[in-house]
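Here are my notes for you to read with the model open beside them. Take the points one at a time and find each residue as you go.

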Amino acid sequence: EQDVTSMETEEVKVEQGGVELCTEDIDVEPRFSLAQCKALKAYALQMVSEQIGGRGVQTDANMKNSLKFLMTAAGMSEVRLLIVQRIEGWIQNPKITKQCQDVLTAVAVNCHNHSPEDVQVIEGLCGVRLKTKLFSSQFVGCMKELISSHPDNLETALNSVVSNELGQQRGPNNMALLAMMVYSWPEETAKLLGAVFLTFLTPREDYLRALRSFLRELVRQVRNEFNFAVFARSLMREKPAGMELQNLDQTLKERVVLAVADLVTCSSMLMASLLIREAYNGYVKGDKVMVQQLQEFFSTLGVMQRDAVWWMHSVVPATYRPQPAMYKTCLRKVLFLEPSETYHSKDNWPPEADRSAILHLMSEANLMEDTLMRILVIGLARELPLSPAD
């Protein structure tokens with residue numbers, strides 16, 4: 001009994017032949033004090049400033065050593081900001097390409113907090129202009145690693161890339177970055193892209209033509225990987241985030257409605273690729289080799305029209321309050337019941353050679369039961385400007 005008692009008083013546990021030491025009474029102290037950490041950080045920042053802020057001309061060997069040091073210090077947000085501000089000049093030197101790649105990788109894996117400094121780093125990297133194709137592929141890989149480091153990094157990067165693409169100085173890597181986002185996070189990217197497009201519809205400047213051109217170029221890059229249904233649904237969201245609609249006059253509100261309807265129909269027509277048109281022509285002639293692709297196409301088109309009619313019924317009257325004539329025009333437009341020039345008058349797309357074939361495919365969409373029922377509800381609602389005859 002004395003032996004058992006002594007064993008219980010000792011802080012040793014024996015379980016299944018193994019010994020586990022109890023550390024409840026052991027105080028674990030940090031290796032460095034807070035004052036030491038601050039002093040060490042200040043010293044490291046001073047060293048970084050001396051390394052990359054010197055006015056003298058550095059040799060390639062010294063530059064390589066400096067970049068190696070920056071790679072080890074990239075855990076500090078201030079260092080990452082300094083690297084982003086100077087990386088575009090460093091990559092012009094082919095003798096330090098490997099070190100630049102390592103520094104970029106170190107910056108990417110350390111942007112995992114989405115702090116204000118990290119946001120500035122992401123915006124700065126999205127604006128970097130690269131000229132060599134070999135480094136561009138490495139850069140896109142680093143940006144993929146950066147975006148995966150934090151869930152909010154995708155939205156920040158997408159906003160920056162779209163702003164650069166629609167700005168006066170278009171970056172050469174914008175489409176490569178967007179394609180990487182679509183391939184890696186297809187649904188999230190399509191959803192966020194619709195929200196970004198909405199922010200460009202409220203300013204006084206009309207960005208509709210630029211957005212149509214941007215969307216066509218993106219779809220050309222990613223081909224069939226783009227999620228059109230999610231993108232269109234994000235455009236027609238019930239409560240547009242970040243849009244101060246109450247401060248807009250009625251003219252701008254109606255312009256937003258027309259622009260959203262135009263982008264939804266443009267997205268629908270972009271789905272009708274050359275492969276789909278050829279498959280449909282073959283199906284009409286009895287060739288059923290690609291019948292599954294056609295079914296998926298018409299099903300997605302029907303879902304987009306269903307969502308568009310829901311938007312016209314539930315969101316547009318309460319949020320935008322358009323004029324009756326404009327409301328009817330938008331409703332007919334999303335159902336592809338307007339004249340053909342309505343769909344290509346903005347920028348002459350689709351081209352004349354493909355126009356009739358694409359619009360014919362739009363008219364063959366699967367009309368879902370929900371779509372028909374909601375149209376009937378719109379016609380029966382007294383507060384909505386759609387008469388039973390319409």
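1. Let's start at one end of the chain, with a pocket. Helix 16 and helix 18 (369-380) each put at least two residues into the lining of the second largest pocket. Helix 18 gives the most, with four residues. The lining comes to 13 residues, and those nearest the centre are Leu331, Ile375, Leu386, Ser387 and Asp390. Sorted by class, that makes eight nonpolar, two polar and three charged residues. The volume of this second largest pocket is about 250 Å³.

2. Before going further, keep in mind that this is a predicted model. The protein chain has 390 residues, and 43% of them are buried. Its secondary structure is made up of 18 helices and two strands. Look at the contacts too: among those with a separation of 6 or more, 75% are between residues 24 or more positions apart.

3. Now for the largest pocket, which holds about 750 Å³ of space. Which residues are the closest to its centre? They are Arg223, Asn224, Leu270, Met271 and Ser273, out of 26 that line the pocket. Helix 11 (208-222), helix 13 (250-271), helix 14 (274-284), helix 15 (291-319) and helix 17 each give two or more residues to this lining. By class, the lining has 15 nonpolar, five polar and six charged residues.

4. Have a look at the largest nonpolar core next. Of its 116 residues, the ones touching the most other members are Trp90, Leu125, Met181, Phe226 and Trp311. Try clicking on Phe226: leaving out residues up to four places away in sequence, Phe226 touches Val182, Ala190, Leu193, Leu215, Leu218, Val219 and Phe231.

5. The loop between helix 16 (324-334) and helix 17 (352-363) deserves a slow look, and Pro350 is found there. A cis peptide bond joins Trp349 and Pro350, with omega at about 5 degrees.

6. Two more residues to check: Phe336 and Asn348 both sit in that loop between helix 16 and helix 17. Phe336 isn't a glycine, yet its phi is positive, at about 60 degrees. Asn348 isn't a glycine either, and its phi is also positive, at about 60 degrees. Are they buried or exposed? Phe336 counts as buried because its relative accessibility is 11%, under the 20% cut-off. Asn348 has a relative accessible area of 51%, so Asn348 is exposed, the cut-off there being over 50%.

7. Last, the outside. The accessible surface of the protein chain is about 21900 Å², and carbon and sulfur atoms account for 50% of that.

Notes. Residues are numbered from 1 along each chain as its sequence is written. This is a predicted model: local features need pLDDT of at least 70, side-chain atom pairs count only at pLDDT 80 or more; totals for chains, interfaces and linings use all residues. Side-chain values use heavy atoms; hydrogens and water are left out. A nonpolar core is a set of buried Ala, Val, Leu, Ile, Met, Phe, Trp, Tyr and Cys residues joined through side-chain atoms within 4.5 Å. Buried means under 20% relative accessible area, exposed over 50%, partly exposed in between (1.4 Å probe, protein chains only). Contact means heavy atoms within 4.5 Å. Accessible areas come from the Shrake-Rupley method with a 1.4 Å probe; for residues, only the protein chains shown count as cover. On a 1 Å grid over the protein atoms alone, a cavity is a set of points where a 1.4 Å probe fits but cannot get out, and a pocket is an open set with protein on both sides within 12 Å along at least five of seven lines; lining residues have an atom within 4 Å of a point. Grid points are joined across faces, edges and corners, and a volume is the space filled by probe spheres set on the points. Ala, Val, Leu, Ile, Met, Phe, Trp, Tyr, Cys and Pro count as nonpolar, Asp, Glu, Lys and Arg as charged, and the others, Gly among them, as polar.
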